[in-house]
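Reader: I am new to this structure. Please take me through one part of it closely, after a quick look at the whole.

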Amino acid sequence: MQLTPLVVALGPALAGDRIASELIELLGDEHPSVRAEAYRAVVATAAHTAAHVAERTLIPSMVKNIVACVDTLGRLVQAEAALGSLAAPAPANSAGGGAGGEGRARAAAA
């Protein structure tokens with residue numbers, strides 16, 4: 001997608017509320033690649049839009065979407081932890097024959 005160059009080319013006078021509202025709508029698109037490009041475009045173009053548009057529309061929408069993503073990630077991590085799938089793997093040398101645990105004790109006794 002070419003959202004960023006388009007908004008930069010339009011400049012602050014033309015890249016106003018209408019473009020901002022379209023970008024904000026794209027932040028919630030069902031396709032991850034579209035959402036990613038919309039995030040890039042909002043970040044890259046915030047400096048090229050009118051200050052009031054960035055302050056009242058773009059930045060609050062970005063913050064809202066980022067908070068939603070972090071909340072979702074937090075819930076996913078909690079769910080994985082509850083299922084036990086985030087448990088730390090056993091160390092590779094814990095079976096005794098390697099450089100740790102019983103292996104060291106046997107080597108010291110010998």
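Author: From the N terminus on, the elements of the protein chain run α-α-α-α-α. That comes to 5 helices and 0 strands. The model is a predicted one. The protein chain has 110 residues, and 25% of them count as buried. Take the contacts between residues at least 6 apart in sequence: 50% of these join residues at least 24 apart.

The part to look at is the pairing of α2 with α4. Helix α2 covers residues 17–27. Helix α4 covers residues 51–83. Their axes come within 10 Å and cross at roughly 0 degrees. An angle under 35 degrees counts as roughly parallel, so α2 is roughly parallel to α4.

Which residues meet here? From α2 come Asp17, Ala20, Ile24 and Leu27. From α4 come Val53, Thr57, Leu58, Ser61, Met62 and Asn65. By type, the residues of this contact divide into 6 nonpolar, 3 polar and 1 charged.

Now stay with α2. Its buried residues are Ala20, Leu23 and Leu27. These residues cover an arc of only 65 degrees around the axis, which puts them on the same side of α2. Turn to the face pointing away from that buried side. There sit the exposed residues Arg18 and Glu25. Two of the buried residues, Ala20 and Leu27, also appear in the contact with α4.

Cross over to α4 and start with Met62, which lies in this helix. Is Met62 buried or exposed? Its relative accessibility is 9%, and buried means under 20%, so Met62 counts as buried. Leave aside its neighbours within four places in sequence. Met62 is then in contact with Leu27, Tyr39, Val42 and Val43. Leu27 belongs to α2. Tyr39 is 23 residues from Met62 in sequence. In space, the two are 7.6 Å apart, C-alpha to C-alpha.

Asn65 is also found in α4. Its relative accessible area is 19%, so Asn65 is buried too, under the 20% cut-off. What does its side chain reach? It reaches the backbone oxygen of Ser61, at 2.8 Å. Ser61 itself is among the α4 residues that meet α2. Not counting residues up to four places away in sequence, Asn65 touches Leu27 and Tyr39. Both of these residues are on the contact list of Met62 as well. Leu27 is thus touched by Asn65 and by Met62, and Leu27 is one of the buried residues of α2.

Arg56 gives a contrast. This residue is found in α4 as well. With a relative accessible area of 64%, Arg56 is exposed, because exposed means over 50%. Where does Arg56 stand relative to Asp17? The two are 39 residues apart in sequence. Their C-alpha atoms are 9.8 Å apart in space. Asp17 is among the α2 residues that meet α4.

To put the picture together: α2 runs roughly parallel to α4. On α2, Leu27 is buried. On α4, Met62 is buried, and so is Asn65. Arg56, in contrast, is exposed.

Note on methods. Residues numbered from 1 in each chain as written. Predicted model: local features only at pLDDT ≥ 70, side-chain atom pairs only at ≥ 80, totals over all residues. Heavy atoms only, no water. Buried < 20%, exposed > 50% of the residue type's maximum accessible area, 1.4 Å probe, protein only. Helix = DSSP H or I, 4+ residues; strand = E, 2+ residues; numbered from the N terminus. Arc of directions from axis to C-beta. Polar contact = N/O pair within 3.5 Å; in protein donor to acceptor, adjacent residues only side chain to side chain. Contact = heavy atoms within 4.5 Å. Axes fitted to C-alpha atoms, helices over the stretch in contact; angles between N-to-C directions. Parallel < 35°, antiparallel > 145°, perpendicular 65-115°, else oblique. Nonpolar A, V, L, I, M, F, W, Y, C, P; charged D, E, K, R; others polar.
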